[in-house]
Amino acid sequence: MEELPSLQRLIRQLQRLPYLASKNVYRVAQHFLELSESQREDFCRILLDSCNGLCRCPVCWAWSEKSSGCMFCNVSRRDASLLCVVESWHDLQAIEQTGVFKGMYHVLGGVLSPLDGIGPDDLSIEQLKKRIDGSVKEVILAINQSPEGDATSALLARSLKSSGVVVTCLARGLPVGIALEYSDRLTLNKALLDRRIF
Ligand SMILES: [Zn+2]
């Protein structure tokens, strides 16, 4: 590899990408090398344009188009009395795809994880508390079941207790250890319908 410094640089960048298995790094590098110059330019331009065109909604923390605003907060037909708290954008997508939930969302941006240095201040908990005014009647904690997720749900339930809002969580029908984004629609739908008081 030392005699191929250009390839080495590319591999090093790819190795920094999360979710890309290390055994696939060389395949992805080869894919880029085999693209035509215009395909590579298109890829780089779209990557930059897409990232520049998006921002976190300051209210719900979901990704939104800078030009048109939040696709959830700015929609009047959604039920503002129901607020579903999720860890990530992927989990929001999983719930949205069930087609059942018509309330509002709040993306936490992760879960408490002391080992990774993620504390309450790294999550959008303060933003969530600010949203609990008289209009929100129920907060659904749709947080993945794991020791970190359960600790996060417990903290949120404690933080919201004084507001008097009803706090529910998803039914335990979901397989333990499986991320929401990998659950099938039916299972997630059932878990959402059978939610219970937390
Ligand atoms: Zn929003």
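**Exercise 1. Domains and overall build**

What distance separates the centres of domain 1 and domain 2, taken over C-alpha atoms? Describe the fold as a whole as well.

Solution.
- Step 1. Keep in mind that the model is predicted.
- Step 2. Find the domains: domain 1 covers 5-55 and domain 2 covers 63-197.
- Step 3. Taken over C-alpha atoms, the two centres lie 32 Å apart.
- Step 4. Set this beside the extent of the protein, whose C-alpha atoms fill a box of roughly 65 × 35 × 35 Å along the principal axes.
- Step 5. List the elements. The protein has seven helices and seven strands, and from the N terminus they run α-α-α-β-β-β-α-β-α-β-α-β-α-β.
- Step 6. Add burial and contacts. Of the 198 residues, 25% are buried. Among contacts with a separation of 6 or more, 55% are between residues 24 or more positions apart.

**Exercise 2. The five-stranded sheet**

In what order do the five strands of the open sheet lie? Work out the edges and the pairings.

Solution.
- Step 1. The order is 4-3-5-6-7, and the pairing is mixed.
- Step 2. Strand 4 (103-107) and strand 7 (196-197) are the edge strands, since each of them pairs on one side only.
- Step 3. Strand 3 (residues 79-86) runs parallel to strand 5 (residues 138-141), and four bridges join them. In this pairing Leu83 stands opposite Val139.
- Step 4. Strand 5 is also parallel to strand 6, again with four bridges. Here Ile140 faces Thr168 across the pair, standing opposite it. Between these two strands the chain passes through helix 6 (residues 147-161), and the β-α-β crossover is right-handed.
- Step 5. Strand 6 and strand 7 are antiparallel, with two bridges. Cys169 stands opposite Arg196 of strand 7.

**Exercise 3. Two faces of strand 6**

Which residues of strand 6 are on its covered face, and which on its uncovered one?

Solution.
- Step 1. Start from the general pattern: in a regular strand, side chains alternate between the two faces of the sheet.
- Step 2. Apply the pattern to residues 166-169. Val167 and Cys169 form the covered face, while Val166 and Thr168 form the uncovered one.
- Step 3. Connect this to the pairings. Thr168, on the uncovered face, is the residue opposite Ile140. Cys169, on the covered face, is the residue opposite Arg196.

**Exercise 4. Helix 7 and its packing**

Where do the buried residues of helix 7 lie when seen down its axis? Identify them and their packing partner, then place Thr187.

Solution.
- Step 1. The buried residues are Leu188, Ala191 and Leu192.
- Step 2. Seen down the helix axis, they fall within an arc of 100°, so they line one face of helix 7.
- Step 3. The spacing can be understood from helix geometry: an α-helix has 3.6 residues a turn, so residues three or four places apart point the same way.
- Step 4. The buried residues pack against helix 4 (89-96). Helix 4 in turn lies across strand 3 and strand 4, at about 130° to strand 3.
- Step 5. Thr187 belongs to helix 7 (residues 185-193). Thr187 has 16 C-beta neighbours inside 10 Å and therefore counts as partly exposed.
- Step 6. For a distance, take Thr187 and Leu128: they are 59 residues apart in sequence and 27 Å apart in space, C-alpha to C-alpha.

**Exercise 5. Positive phi in two loops**

Is Tyr19 buried or exposed? Is Trp61 buried or exposed? Give the loop and phi of each residue.

Solution.
- Step 1. Recall the background: most residues other than glycine have a negative phi.
- Step 2. Tyr19 has a phi near 70°, a positive value in a residue other than glycine. Trp61, not a glycine either, has a positive phi of about 70°.
- Step 3. Locate them. Tyr19 is in the loop between helix 1 and helix 2 (25-34), whereas Trp61 is in the loop between strand 1 (54-56) and strand 2 (63-65).
- Step 4. Count neighbours. Tyr19 is exposed because 5 other C-beta atoms lie within 10 Å. Trp61 is buried because 22 other C-beta atoms lie within 10 Å.

**Exercise 6. Arg9 in helix 1**

Why does Arg9 count as exposed?

Solution.
- Step 1. Arg9 lies in helix 1 (residues 5-15).
- Step 2. A residue is exposed if 12 or fewer other C-beta atoms lie within 10 Å of its own. Arg9 has 10 and is therefore exposed.
- Step 3. Arg9 and Phe43 are 34 residues apart along the chain, and 18 Å separate their C-alpha atoms.

Notes:
Residues numbered from 1 in each chain as written. Predicted model: local features only at pLDDT ≥ 70, side-chain atom pairs only at ≥ 80, totals over all residues. Buried ≥ 20, exposed ≤ 12 C-beta atoms within 10 Å, placed from the backbone. Arc of directions from axis to C-beta. Contact = placed C-beta atoms within 7 Å. Pairing = 2+ DSSP bridges. Axes fitted to C-alpha atoms, helices over the stretch in contact; angles between N-to-C directions. Domains from an automatic or database assignment. Right-handed = clockwise from strand over helix to strand, strands pointing away.
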